[in-house]
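User: I have a structure open and want to go through it piece by piece. Can you take some quick questions?
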Amino acid sequence: MSIKDWPEGERPREKLLERGAGALSDAELLAIFLRTGIPGKSAVDLARELLTDFDGLTGLLAADRRRFCDGKGLGTAKYAQLQAVLELSRRYLLTRISGQDVLTSPEATRDYLKLRLYGSPHEIFACLFLDNRHRVIVYEELFRGTIDGASVHPREVVRRVIQTNAAAVIFAHNHPSGVAEPSQADLRITQRLKEALALIDVRVLDHIIVGDGDGTSFAERGLL
């Protein structure tokens, strides 16, 4: 049965307009993005099948171009649309934290970092460089690969801090496994970075590990 033949209150677009986007399931939201199904499947049926094939919404959103375009009912145009939606979301969240003290908007800061880092198949070490009022100067991904003493270089972090004239920083990295618990390597490199930056009077406000759920804040854990 086509979605057009469904009761009006059950159609994803009408349901969104009546109850808000939060009332829709992942499949219903994805169906609105897809707009149409394929022969024999409604957009919602197709969305459910795609979520199964990609192991959920995270897998779909993180899929590279080739993997995404191989999905049923998808293609280059849909991939471009999705990347545009994701980038708009990132820019929206960045505007929420750029003009104010990031410590007054921790949820927006975490949301931004998660949207940047979650779902990557490899570890990325990133930094929010902040001014003396804790407003964002710039976000940068500094290192890729396993986060340990060999791959994260304090001298490079110090160099970028000086170049950006930052007064404070928030570090972040992702765990591709989804488990956001800090490892001993995470603790060691954070301490090394904190000590290196203390020599130039720059504060490390937090180190956030991005994974499943809300992630882990070193500051909240008392690990800084």
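User: What span should helix H6 have, and how far apart are its end C-alpha atoms?
Analyst: This is a predicted model. Helix H6 covers residues 76–98, and at 1.5 Å a residue its 23 residues should span 33 Å. The end C-alpha atoms are 32 Å apart, which agrees.

User: Which residues of H6 are buried?
Analyst: Lys78, Tyr79, Leu82, Leu86, Arg90, Leu93 and Ile97.

User: And what do they pack against?
Analyst: Four helices are on the list, H2 (26–34), H4 (57–62), H5 (65–69) and H7 (106–117), along with strand E2 (136–144).

User: Arg90 is on the buried list. What does Arg90 form a salt bridge with?
Analyst: Glu87, with the closest N and O atoms 3.2 Å apart. The two are three residues apart in helix H6, so about one helical turn separates them.

User: Is Glu87 buried or exposed?
Analyst: Neither; Glu87 counts as partly exposed because its relative accessibility is 23%. Arg90 has a relative accessible area of 15%, which makes it buried.

User: How many salt bridges are there?
Analyst: The count comes to 13. Among them, Arg159 and Glu156 meet at 2.9 Å, N to O. Both lie in helix H8 (residues 154–164), three residues apart. Asp131 and Arg135 also form one, again with 2.9 Å from N to O.

User: Which residues are linked in a network?
Analyst: Lys41, Glu49 and Lys72 are linked by salt bridges.

User: Switching to the sheet. What is the strand order?
Analyst: E2-E1-E3-E4-E5, an open sheet of five strands with mixed pairing. The edge strands are E2 and E5 (216–217), each of which pairs on one side only.

User: Which way do E1 and E2 run, parallel or antiparallel?
Analyst: Antiparallel, with seven bridges joining E1 (residues 124–130) to E2. Cys127 stands opposite Glu140 in E2. Their hairpin has five residues between the strands, and His134 there takes a positive phi near 65°.

User: What about E3 and E4, parallel or antiparallel?
Analyst: Those run parallel, E3 being residues 168–174 and E4 residues 203–210, and seven bridges join them. Val169 has Val204 in E4 as its bridge partner.

User: Last one. Where is Phe218 found, and is Phe218 buried or exposed?
Analyst: Phe218 is in helix H10 (residues 218–221). Phe218 is at 0% relative accessibility, so it counts as buried.

User: What is Phe218 in contact with, leaving aside neighbours within four places in sequence?
Analyst: The contacts are Pro182, Asp186, Leu187, Thr190, Asp206, His207, Ile209, Leu223 and Leu224.

Terms used:
Residues are numbered from 1 along each chain as its sequence is written. This is a predicted model: local features need pLDDT of at least 70, side-chain atom pairs count only at pLDDT 80 or more; totals for chains, interfaces and linings use all residues. Side-chain values use heavy atoms; hydrogens and water are left out. The expected span of a helix is 1.5 Å times one less than its number of residues. Buried means under 20% relative accessible area, exposed over 50%, partly exposed in between (1.4 Å probe, protein chains only). Contact means heavy atoms within 4.5 Å. Two strands pair if DSSP finds at least two bridges between them. A salt bridge is a side-chain nitrogen of Lys or Arg within 4 Å of a carboxyl oxygen of Asp or Glu.
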